[in-house]
Amino acid sequence: MKKLIVVFFLTIIVYGCGSSKALLSVEKAPMAVSIDLVNVNDDKVLVSIDPGAFQEDMVSFYIPKTVPGTYSEDNYGKYLEGFKALDYKGNELTVNKTDDNTWNISNARSLDRISYYVNDTYDTENEVKDAVFSPAGTNILANENFVLNLHGFVGYFKGLKEVPYVLTVTRPSGLTATTSLKEKEVEGLAANTDLFTANRYFEVIDNPIQYTEPNTETFQIKDIAVTLSVYSPNGTYTASTLKDRMQEMMTAQKAFLGDIDGTKEYNILLYLSTMEPSDASGFGALEHHTSTVVVLPEAMPQDRLEQAMVDVVSHEFFHIVTPLNIHSEEIQYFDFNDPKMSEHLWMYEGTTEYFANIFQIQQGLINEEEFYKRMMDKTNNAKAYDDAMSFTEMSKNILEEPYEKNYANVYEKGALINMALDILLREQSNGEKGVLWLMKELSKKYGKMTPFKDDELIDEIVAMTYPEVRTFFDTHVIGNTPIDYGKFLAKVGLTVKTIEKESGYFLNGEIPFIDVNQSEGNSIFVRKGIELNSFFNDLGAKGGDVIKSINDTSINLEAIRPIIGQSFQWNPETEIKMIVQRGEEEITLEGKVGTPVLQVETIVPMENVSPKQEELRKAWLKG
């Protein structure tokens with residue numbers, strides 16, 4: 001009976017006239033949001049927000065500058081236009097836009113609703129300098145696909161982030177929603193209309209929606225219902241073709257986590273990009289409490305796509321541990337427009353990325369050799385960043401330079417910090433305790449709604465563990481002394497040697513061999529200061545070469561993206577002609593692309609390993 005009363009109340013709020021709504025103050029009335037996906041105008045979507053009655057003369061409306069998990073200033077308000085504030089008679093009120101994300105509304109006591117148009121981010125990624133990372137962005141493709149990362153569509157009024165929201169979405173016939181938002185079924189609701197509710201603003205932006213033609217699969221992982229939604233523009237992939245690998249991987253993740261309980265449902269929203277200039281080009285994923293948005297190239301072969309899905313989705317799913325279960329006050333009370341960042345990226349991203357790899361060896365998805373390669377790759381990739389930078393200082397100041405350009409190191413050195421800490425904990429506890437044990441203990445102490453104080457976490461970890469852990473954090477995480485990974489690997493009977501490793505033509509995993517010079521017309525150049533693969537070396541390319549053309553196609557940022565996509569289909573006999581500018585000289589480089597390899601160091605077992613080292617390695621790798 002209580003539920004029926006709630007539904008009836010919400011229906012009144014959504015459909016009631018302005019005068020009856022005005023009887024409820026903004027503190028008591030849900031924020032009623034309407035999103036029109038049917039009448040898309042010039043690739044823009046109309047959003048209307050109907051609050052309760054304000055008692056102030058001036059109110060401020062915000063669209064987020066930064067959202068959790070991105071660690072960048074993206075200023076989503078830049079994608080809004082035609083902002084209007086209307087009174088109860090439909091007259092426009094005075095609005096003053098003070099920055100990209102803030103609108104001040106005068107005579108707010110008369111405010112009935114606001115409306116604005118939203119541009120998507122996917123089709124502008126190649127046009128702006130600091131593009132929004134695609135998994136945190138938005139897509140508007142009329143009658144075909146909508147990626148609603150709702151922080152790009154829905155904002156909040158000052159002081160009202162904690163009021164409930166009701167979202168009414170009008171969608172094209174034939175498209176269905178996949179989301180973790182709570183959906184309400186209301187009798188009499190108009191056709192092709194979805195009604196969602198959220199308890200507060202954070203729940204709105206924490207639950208993205210993908211609208212696409214039905215292409216989903218749902219499977220059960222113990223007590224977690226997982227839904228995979230796939231948008232494949234050319235019909236290359238279906239959810240059913242990707243389901244088995246995802247189910248195998250997530251079953252292993254749940255077994256690894258054991259009694260850590262984060263959610264009863266999880267949604268994977270996969271968007272496959274054509275890699276055309278107007279499509280998404282930032283590949284990876286963004287975490288949420290009960291879902292993730294994943295963007296990858298549709299051109300990838302199935303085996304590589306599945307492996308990419310395993311790597312990125314496993315990382316995002318492990319975020320249910322941290323920061324979603326274990327986090328500081330800075331995250332619990334996140335300020336979307338004046339963010340204060342936590343100093344613990346070594347845990348939020350580092351622990352998560354480490355888990356995404358260690359669980360695969362512990363659960364038998366990969367062998368020891370593959371795990372060693374992954375850790376060595378991270379060691380080599382970390383060399384591209386400042387190894388003498390305090391990780392806690394970097395994390396606290398990650399939105400500023402020189403720290404911001406070192407952000408990607410959280411996935412490299414951040415994981416290695418956790419590897420070293422895991423081995424140290426195993427050594428001190430005779431193999432019984434590791435980083436997973438530590439996260440379980442912290443999860444018991446805190447949880448979703450109980451944050452820790454940022455400057456007290458490491459002290460708490462040391463109190464739970466050993467004095468040697470204090471030395472480790474003071475020296476290598478708070479301090480700026482690089483970690484001697486060989487010292488930690490030796491504890492488990494491992495050492496390092498040089499081997500040959502296959503790479504991509506233009507990318508070594510997430511690390512590119514090329515970069516863009518935006519100040520010179522988005523020209524593309526071969527990176528200096530890194531070891532190039534055999535593809536570039538055999539052609540005779542050198543660091544600093546500006547790539548003028550490839551196979552007679554002039555190269556800039558827009559042109560190189562589809563070529564990178566095509567390179568996934570190259571075979572060793574494919575011919576290439578690359579013209580580069582080297583200083584004042586223009587040079588033609590020609591040959592077969594071959595199989596790209598790198599000379600890299602890797603981790604291998606030591607000779608004459610002691611029983612203690614063997615036992616410690618077994619405890620580390622097998623849990």
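## A residue pair at the sheet edge

Let's start with one contact: K182 stands opposite T197, a residue of β14. The model in front of you is predicted, so please read each feature below as computed, given that local features need pLDDT of at least 70.

Strand β14 covers residues 193–198 and is joined to β13 by 2 bridges, with the two strands running antiparallel. In general, strands of a sheet pair through backbone hydrogen bonds, in either a parallel or an antiparallel manner.

## The sheet as a whole

Where do β13 and β14 belong in the wider sheet? They come at the end of the order β4-β7-β2-β1-β11-β14-β13, which describes an open sheet of 7 strands with mixed pairing. Its edge strands are β4 (80–87) and β13 (182–183), each of which pairs on one side only.

## Aromatic contacts

Now to the rings: searching the whole structure turns up 37 aromatic pairs. One of them is formed by F83 and Y116, which are stacked, with 5.9 Å centre to centre and 0° between the planes. This pair links distant parts of the chain, since F83 lies in strand β4 and Y116 in strand β7 (residues 111–119), 33 residues apart.

Are F83 and Y116 buried or exposed? Both residues are buried. They also belong to one aromatic cluster, whose other members are F54, F61, W103 and F157.

## A charge over a ring

One more ring deserves a look, that of F488: the charged end of K491 sits over it, 5.9 Å from the ring centre.

Methods. Residues numbered from 1 in each chain as written. Predicted model: local features only at pLDDT ≥ 70, side-chain atom pairs only at ≥ 80, totals over all residues. Heavy atoms only, no water. Pairing = 2+ DSSP bridges. Helix = DSSP H or I, 4+ residues; strand = E, 2+ residues; numbered from the N terminus. Phe/Tyr/Trp six-rings, centres within 6.5 Å; stacked < 30°, edge-to-face > 60°. Buried < 20%, exposed > 50% of the residue type's maximum accessible area, 1.4 Å probe, protein only. Lys NZ or Arg CZ within 6 Å of the ring centre and 35° of its normal.
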